[in-house]
Amino acid sequence: MLRRASHAKRRGAFLLAAATGLGGAVLAPTPAFADFRVCNSTQNLVGVAIGYRTASGWVSEGWWRIEKSSCKTLIEGPLESRYYYLYAEDAASGGRWEGKVQMCVALTEFKIAGTNDCFARGFQRAGFQEYDTREQENWMVDLTDGPADNNTLTNSDASQ
């Protein structure tokens, strides 16, 4: 039922564009949707937080709940920053995907401006992993259980 509605909308958009003289533009390949996606290739529920820089400063926000073997879009549309930062926790094992960039997080859903004085402002601090998108319009991170670059699970009780 949704496919029919989507098909009808696309056909309507094509007819409208053709009627306004933009038929050639509609026949060109459709660009892919731009976004920042995170996929959970583990067998457990994962909670994910993202950090990024805006014109007014640093922002961290979360939590996205990503079920096992599925993906979620954290930022919709073309990416505006080159660098994004990710922190994730495995709900079952307590393992986490982390990095060296410290940002604020909260226990429940949050959007926090700034990275300073997390504890004084009533938040926790977490180490986020940096991802250099090389100014591409979209990016995907795949969270896995096994060894891989920048996306492996580290168990919170592992000794160093």
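The following exchange asks how the descriptions of this predicted model are justified.

Me: What kind of model is this, and how are its residues numbered?
Reply: The model is predicted; local features need pLDDT of at least 70, side-chain atom pairs count only at pLDDT 80 or more, and totals for chains, interfaces and linings use all residues. Residues are numbered from 1 along each chain as its sequence is written, and side-chain values use heavy atoms, with hydrogens and water left out.

Me: How many helices and strands are there, and what makes a run count as one?
Reply: The protein has two helices and 10 strands. Both are DSSP runs numbered from the N terminus, a helix being H or I over at least four residues and a strand being E over at least two. Along the sequence the pattern reads α-α-β-β-β-β-β-β-β-β-β-β.

Me: Why is the link between Cys39 and Cys71 called a disulfide?
Reply: A disulfide is a pair of cysteine sulfur atoms within 2.5 Å. The S to S distance of Cys39 and Cys71 is 1.9 Å, so the pair meets this definition. With 105° about the S-S bond, the link is right-handed. Cys39 lies in strand S1 (residues 35-40) and Cys71 in strand S4 (residues 70-76), so the disulfide ties together parts that are 32 residues apart in sequence.

Me: How do you know whether Cys39 and Cys71 are buried or exposed?
Reply: Buried means under 20% relative accessible area, exposed over 50%, and partly exposed in between, with a 1.4 Å probe and protein chains only. Cys39 has 8% relative accessibility and therefore counts as buried. Cys71 has 34% and therefore counts as partly exposed.

Me: Which other cysteines form a disulfide, and how is that link described?
Reply: Cys104 and Cys118 do, with their sulfur atoms 1.9 Å apart. Their link is left-handed, with -85° about the S-S bond. Cys104 lies in strand S7 (residues 101-105) and Cys118 in the loop between strand S8 (110-113) and strand S9 (124-132), so this pair ties together parts 14 residues apart in sequence. Both Cys104 and Cys118 are buried. A search of the whole structure finds two disulfides, and the bonded cysteines, numbered in sequence order, pair as 1-2, 3-4.

Me: What makes S1 largely enclosed by the rest of the structure?
Reply: Five of the six residues of S1 are buried, so the strand is largely enclosed by the rest of the structure. In the protein as a whole, buried residues make up 34% of the 160 residues.

Me: How do you know that S1 pairs with S4 and with S10?
Reply: Two strands pair if DSSP finds at least two bridges between them. S1 and S4 have six bridges and S1 and S10 have five, so both pairs satisfy the definition. S1 runs antiparallel to S4 and parallel to S10. Val38 stands opposite Lys72 in S4, while Cys39 stands opposite Asp142 in S10.

Me: Why are S4 and S10 called edge strands?
Reply: The open sheet of three strands has the order S4-S1-S10, with mixed pairing. S4 and strand S10 (139-143) each pair on one side only, and they are the edge strands.

Me: Why is Gly122 called exposed?
Reply: Gly122 has a relative accessible area of 57%, which is over 50%, and therefore counts as exposed. Gly122 lies in the loop between S8 and S9. Gly122 and Ala106 are 16 residues apart in sequence and 8.1 Å apart in space, C-alpha to C-alpha.

Me: Which residues line the largest pocket closest to its centre, and what is the make-up of the lining by class?
Reply: Of the 14 lining residues, the closest to the centre are Gly47, Trp63, Glu89, Ala106 and Leu107. The lining has nine nonpolar residues (Ala, Val, Leu, Ile, Met, Phe, Trp, Tyr, Cys and Pro count as such), three charged (Asp, Glu, Lys and Arg) and two polar (the others, Gly among them). A pocket here is an open set of points on a 1 Å grid over the protein atoms alone, where a 1.4 Å probe fits, with protein on both sides within 12 Å along at least five of seven lines; lining residues have an atom within 4 Å of a point. S5 gives the most to this lining, with three residues.
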